[in-house]
Amino acid sequence: MLSINDLRASIEGKEILKGINLEIKPGEVHAIMGPNGSGKSTLASVLAGREEYEVTGGSVVFEGKDILDMAPEQRAAEGIFLAFQYPVEIPGVTTINFLKTAVNEIRKYRGENPLDAAQFLKMVREKAKLVSMNDSLLKRALNEGFSGGEKKRNEIFQMAVLEPKLAILDETDSGLDIDALRIVSEGVNSLRSPERATIVVTHYQRLLDYIVPDYVHVLYKGRIVKSGPKELALELEEKGYDWIKAEVEAVG
Amino acid sequence: MSIETIDLKTRLVADFHARESVLNGEASSALHQKKRAAMAQFDKLGFPTPKNEEWKYSNVKDLISVSYNFNSDSSLELADLEDLKIPAQDANIVYFVNGHYHPALSRIISSQDQITISSLSEAYKKNPSLVNSYFNELLKEDQDAFTSLNTAFAQDGIFIHIPDNQTVEHPVILRFVSDARAENVGSQPRNIIAVGKNAHVKLAEAFRTLGGARSFTNSVTEIFIGEEAGVEYYKVQNESDNAYHVGTTQVRMLDRSQFYAGTVTLNGRFTRNNLNIILDGERCEAHMYGLYFPDGTQHVDNHTVADHRKPNSESNELYKGILRDKAKGVFNGKIFVRQDAQKTNAFQSCKNIVLSTEATMNTKPQLEIYADDVKCSHGTTTGQIDEEALFYMRSRGISRPEAMALLMFAFCADVVSQIKIDSVREYLENVIAQKLASK
C-alpha cells in the first residue's frame, strides 16, 4: 500500500529526514517512536504534503502512485489522512460545513456525485457516535475554543467521516487524559479493517496499550534505526531511548 | 478655450450661477441661502488634493479629470435591471436613476401613519419649512468640498419622516442606479431621514451601475435619530469598474437611541465613504460595521467619526477588508471624546487580509480624548491568509482555492451576520461567496 524509499527531506536548508525506508501493507498498524527531534512529525507532515518541507530525495509510492508531486488535497482524495498534533482553530467555519465541503470535494475528485444535506447528516451522526462527538461541537466553529481532548476527538471524527485508506496519527495522545485517550483509541480501533493501514506517531508507549501495533519502528536522527514487533515499544518504555542511541553511535 | 479643457470645478461653479439666475423668487428662500453658502464654500475649497490630510491616500485627480452629465435623462425600465439580479424584497423600495426619483419602479407598502417616504423635491413642494428645518442642519458645522457641492446642487433624494413611537415593520430600500449606458453621468442624491422619539426603522442604500461609461455619485445622507429611537442603516455598493463614488452619511443621536451602520463595498473604481456620528445624548449606542473587497486597481476609503459629546454612551466599530491585485484600501477612524462625555466606552477595530504584494492598506486610528473617565481601545491588523489553516483544510481534501474562499468567507462572517435585513444579508452572502470563489 505504502512504500517509502530512501526519503530525504529538509526544512530551511536543514536535513531532517536522512533516508527513510518503510513498507506498509493493508490492514497493518505501524508505530513510529523515537526521542524528541528525531523527525517523527516531519515524516508525518511530509507524507501529508506540508509545503514548508522540501523533499530532497527518495520516493513515496501510495497504491501504485508517486505522491510526492501531489498537492495535499490530492493526497487526501487518494485516501491519506493526517490527524494533527496541533489541530488548527478556524473561526467562522463550522465543523459540519468544513466536513461537508471536504467530503464533497473528495467525492468530486473520485468522480462521485456530491452527498445531499440529508445523506450527509445521516452519515455524520453515525460517525459522531463512534467518538462520542456532541452535536453542539459540530455546529461550533472548527476547533475554536475546543479543549485539547475535544480537538483530538474531532480529528478522529473527521477521520471516521473521510474513511481514509491510510491514517497517520501524529502524537494523537499528547495532551489527553486517560478517559479521552480511551475514547480516541476506541474510535481509531473501530476504523481498523483489513483494507486500511495506520501509522501511529508517538513518543510514549501508553497509546500503544490501546492501539496495538503490528510493528514498531524507532526513528533517530532522521533514520529508522530499529524495527521490531509490538514488544519493542514495551522495551523502550522500560529502558528509554539511550540504549538505542548508544547502539547507533557504536555502529555509526 | 474649448469646453473640454475647462476643469470640473470651474464648470460646476458656472453651472450653479446659471441655474441661480433663473430661480426667480426661490433664490431668496432659506433653503437656497444654504445652497449659496455651500457653493461659496466649494468655490473656496476646490476639490481636495493629497496635501489635504483627510485625502492624503485618496487622490481624486482621476475622478475630476473628465466631465459628467449631471442631468442625464434615462429611459430606464424594469427590464433593464434584470442583469443586476436584484432580489425581490418584502420592503418599501424607492428607485433613483441618475439621482432622480423614479416613481414607476418604486413601491411603498408601509402605511403613511407609520412613515412618510417621498422624494426630497416632492417633500419640499409640500412643506418647504419642514424640509428646510432638517436640510444641511447636521453638516453645517463641517462642510468639505464634496458635501458642499452636494448641498449646492441638491435637488432630489429621499425624504423620510417617522413620527414618534412608530416601529416601521417593512425595511426601506433605496436603490440608486447610475445609467451610464450612453455617457458619463453624475448624480448627487441628497437624503434626509428623520426618526422620531422611540421610533424604529431599518434602511438600506444600494448603489448600482448600468453600462460601461463613467459614473460619479456624490451622495449625502443626513440621519436625525430621536430619543430612544433605533435605526439600522446599511449601505451596499456594487457598482461598475468605472464607478466613482464619494458619499457622506451624517448622523446625530439623542438620549438612549441606538444606531447600527453596515457599509459594504463590493465593487467600484473609486469609493470614499464618510460615516460621521455625533453621539449627542446619554446612553446612546452606535455600532459601525464595514466590509470591502477591492481588486484590480480599485480604491476603497472609509473615514469614520464617532463624536462623543455626552456622558455614558458607547460606540463600537469593526471594519474588515480583503485586498487583491493592486488594490488600495484606506481606513481612518476618529473617536472624539469631549470633555463632558465621561464614562464613554469607545472601541474600534480594523482587520485586513492583503492577498498580493502589490496591494496596499493604510489604516489610521485617531483618538482625541478630553474626558478622563473613559474606556477606549483601537486596533488594526493587516495580514495574509493563515497558511497553517490552509494546510489543515487542504489535508482534508479541500482544494486551495476552495479553502481560501472558505477562510475569507469566514473572515467576513462577523460583519455580514450583523446585517439584520434578511434579503440584504442573503444577497450579500451570495455575492460575496461568488466573488471569493471567482479568483
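Q: Two residues are in contact if their C-beta atoms, placed from the backbone, lie within 7 Å; which strands of chain B does helix α8 of chain B lie across?
A: This is a predicted model, in which local features need pLDDT of at least 70, side-chain atom pairs pLDDT 80 or more, and totals for chains, interfaces and linings use all residues. Residues are numbered from 1 along each chain as its sequence is written, with chains lettered from A and ligands numbered from 1 in the order written. Helix α8(B) covers residues 422–437 and runs at about 30 degrees to β10(B). The strands that α8(B) lies across are β8, β10 and β12 (258–267) of chain B.

Q: At what angle does helix α7 of chain B run to β16(B)?
A: Angles run from 0 to 180 degrees between N-to-C directions, with axes fitted to C-alpha atoms, for helices over the stretch in contact. Helix α7(B), residues 400–416, lies across β14 (285–292), β16 (314–323) and β18 (345–354) of chain B. Its direction makes an angle with β16(B) of about 160 degrees.

Q: How many strands does chain B have?
A: Helices (H or I, at least four residues) and strands (E, at least two) are DSSP runs, numbered from the N terminus. The C-alpha trace of chain B spans about 75 × 55 × 45 Å along its principal axes. Chain B has 8 helices, and its strands number 20.

Q: Which strands are the edges of the open sheet of 10 strands in chain B?
A: Two strands pair if DSSP finds at least two bridges between them. In chain B the order is β2-β1-β5-β8-β10-β12-β14-β16-β18-β20, with mixed pairing. An edge strand here pairs on one side only, and the two edges are β2 (100–107) and β20 (375–383) of chain B.

Q: Which residue stands opposite B:Val201?
A: Strand β8(B), residues 200–210, and strand β10(B), residues 230–238, run parallel and are joined by 9 bridges. In β10(B), the residue opposite B:Val201 is B:Val231.

Q: By how many degrees are neighbouring strands of the 6-stranded open sheet of chain A turned on average?
A: The order in this sheet is β6-β9-β10-β3-β11-β12, and the pairing is mixed. β6 (80–83) and β12 (223–228) of chain A are its edge strands. With direction ignored, the average turn between neighbours is 20 degrees.

Q: What is the bridge partner of A:Leu82 in β9(A)?
A: β6(A) and β9(A), residues 166–170, pair in the parallel sense over 4 bridges. In β9(A), A:Leu82 is partnered with A:Ile168.

Q: Which strands of chain A does helix α10 touch?
A: Helix α9(A), residues 231–239, packs on the sheet against β3 (29–33), β11 (215–220) and β12 of chain A, with its direction at about 20 degrees to that of β3(A). Helix α10(A), residues 242–251, also packs on the sheet, at about 65 degrees to the direction of β11(A). The strands touched by α10(A) are β11 and β12 of chain A.

Q: Which residues of α6(A) make the contact with α3(A)?
A: The axes of α3(A), residues 95–109, and α6(A), residues 148–162, come within 10 Å and cross at roughly 35 degrees. From α3(A) the contact takes A:Thr95, A:Leu99, A:Ala102, A:Val103 and A:Ile106. From α6(A) it takes A:Asn154, A:Gln158, A:Val161 and A:Leu162.

Q: Which residues of α7(A) touch α6(A)?
A: α6(A) and α7(A), residues 178–190, pack at about 5 degrees with axes 10 Å apart. The α6(A) side of the contact is A:Gly149, A:Lys152, A:Arg153, A:Ile156 and A:Ala160. The α7(A) side is A:Ala180, A:Ile183, A:Val184, A:Gly187 and A:Val188.

Q: Which elements of chain A each supply at least two residues of the side that touches chain B?
A: Chain A gives 20 residues to the contact and chain B gives 16 residues. On the chain A side, the elements that each supply at least two residues are α2 (72–78), β7 (90–94), α3 and α6 of chain A.
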